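Student: Could we go through this model together, starting with the terms and then taking the elements in turn?

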Amino acid sequence: MFDSHAHLNHENFQVDRDEVWLRATEAGLRGLVNVGWDADSSSLATQMADVDLERFASVGVHPHEAADVTPQVLADLREMTKRPGVVAVGETGLDYFRNLSPRDAQITSFRQHIELAAETGLTLIVHDRDAHEDVLGILSTDAPAHLRVILHCYSAGPGLLHDALGMGCWIGVAGNITYPNAADVREAVKLVPDQKLLLETDCPYLPPQMYRGQRNEPMFMRATLKAVAQARGEDIDAVEVQTEANALAVFGLDVQRSFDG
Ligand SMILES: [Zn+2]
């Protein structure tokens with residue numbers, strides 16, 4: 001398993017981060033990307049990165065915090081992209097569900113993140129909540145064709161999927177696929193081409209159904225893997241191997257080195 005979107009840099013893991021990592025690897029985790037949501041959490045993700053352990057980092061400012069993106073924050077993020085183990089920019093995007101930052105600030109920040117990813121050649125991790133039209137519209141005007149883009153925590157139905165796949169996006173599937181009310185997500189996941197499918201936890205958030213009420217952690221991702229395999233009518237082991245390979249591809253990692261180890 002490869003967790004393409006985790007937040008072990010979250011304070012909820014402060015006391016037992018090493019144990020969480022250890023039991024995840026014992027449960028079959030091959031690698032993970034810790035994703036930043038502001039300057040501090042991004043920096044911490046880079047400090048936790050360890051290329052030999054397949055533990056990587058993404059640096060960026062979440063749309064909730066977009067109002068805080070100053071030129072200094074952008075300069076700091078740009079510096080961080082040069083650190084070892086940084087494979088992505090984000091999470092960025094738009095959140096019109098909670099609107100914790102004004103929409104124009106979110107849009108400006110999103111565009112700046114796209115530019116940074118394009119400039120550095122890193123993958124872009126996108127958060128989209130109730131903002132599908134603007135997210136895809138901005139990507140189609142701003143993102144160069146070669147940019148690798150992940151729509152993380154896919155929570156819409158098949159409709160948006162068609163447009164996102166048309167733009168070449170990878171689709172990150174989190175624990176919410178196991179929720180009783182997520183029939184449309186299961187429907188959509190059926191339609192994702194093999195090469196575009198990624199697994200993620202978004203931990204400490206979104207624990208799979210059987211762990212609801214608990215802090216989510218990478219070890220629990222096997223429940224998501226099973227649900228994805230079931231929704232697609234595929235073998236669990238095959239989906240596991242495929243999604244690991246996809247994670248290495250989307251983050252531009254050396255496939256040979258990773259699978260030899
Ligand atoms: Zn996240």
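Tutor: Gladly! Contact here means heavy atoms within 4.5 Å. Helices (H or I, at least four residues) and strands (E, at least two) are DSSP runs, numbered from the N terminus. This is a predicted model, in which local features need pLDDT of at least 70 and side-chain atom pairs count only at pLDDT 80 or more, while totals for chains, interfaces and linings use all residues. Residues are numbered from 1 along each chain as its sequence is written, and side-chain values use heavy atoms, with hydrogens and water left out.

Student: Let's begin with the sheet. In what order do its eight strands lie?

Tutor: Two strands count as paired if DSSP finds at least two bridges between them. By that rule the eight strands form an open sheet with parallel pairing. Their order is β1-β2-β3-β4-β5-β6-β7-β8.

Student: Which strands stand at the edges?

Tutor: An edge strand here has a single partner, so one of its sides is left without a neighbour in the sheet. That applies to β1 (2–6) and β8 (197–199).

Student: By how many degrees are neighbouring strands turned against each other on average?

Tutor: Axes are lines fitted to C-alpha atoms, for helices over the stretch in contact, and angles run from 0 to 180 degrees between N-to-C directions. For this sheet's average, direction is ignored. The turn between neighbouring strands comes to 25 degrees.

Student: What is the bridge partner of L151 in β7?

Tutor: Strand β6 (residues 149–151) and strand β7 (residues 170–173) run parallel and are joined by two bridges. In β7, L151 is partnered by I171.

Student: Which strands does helix α9 touch as it packs on the sheet?

Tutor: Helix α9 covers residues 236–250, and its direction makes about 95 degrees with that of β8. The strands it touches are β1, β5, β6, β7 and β8.

Student: Now the helix pairs. Are α4 and α5 parallel, perpendicular or oblique to each other?

Tutor: α4 and helix α5 (residues 132–142) pack at an angle of about 40 degrees, with their axes 11 Å apart. Angles under 35 degrees count as roughly parallel, over 145 as roughly antiparallel, 65 to 115 as roughly perpendicular and the rest as oblique. The relation of α4 to α5 is therefore oblique.

Student: How many residues of their contact are nonpolar?

Tutor: I107, F110, R111 and I114 of α4 meet D134, V135, I138, L139, T141 and D142 of α5. Ala, Val, Leu, Ile, Met, Phe, Trp, Tyr, Cys and Pro count as nonpolar, Asp, Glu, Lys and Arg as charged, and the others, Gly among them, as polar. The contact has one polar and three charged residues, and the nonpolar count is six.

Student: Is the crossing of α7 and α8 left-handed or right-handed?

Tutor: Helix α7 (residues 183–190) and helix α8 (residues 221–232) pack at about 70 degrees, with axes 8 Å apart, so α7 is roughly perpendicular to α8. A crossing is left-handed if the near helix is turned anticlockwise from the far one by less than a right angle, and right-handed if clockwise. The crossing of α7 with α8 is right-handed.

Student: Which residues of α9 make its contact with α8?

Tutor: α8 and α9 pack at about 110 degrees, with axes 9 Å apart, and α8 passes α9 in a right-handed crossing. From α8 the contact takes R222, L225, K226, V228 and A229. From α9 come I236, V239 and E240.

Student: How far apart in sequence are the parts that E217 and R23 tie together?

Tutor: A salt bridge is a side-chain nitrogen of Lys or Arg within 4 Å of a carboxyl oxygen of Asp or Glu, and the count comes to twelve. E217 and R23 form a salt bridge, with their closest N and O atoms 2.7 Å apart. E217 lies in the loop between β8 and α8 and R23 in helix α1 (residues 17–26), so the parts tied together are separated in sequence by 194 residues.

Student: One backbone point to finish. Which residue does a cis peptide bond join to G90?

Tutor: Most residues other than glycine have a negative phi, and most peptide bonds are trans. At G90 the cis bond has an omega of about 15 degrees. Its partner, placed in strand β4, is E91.
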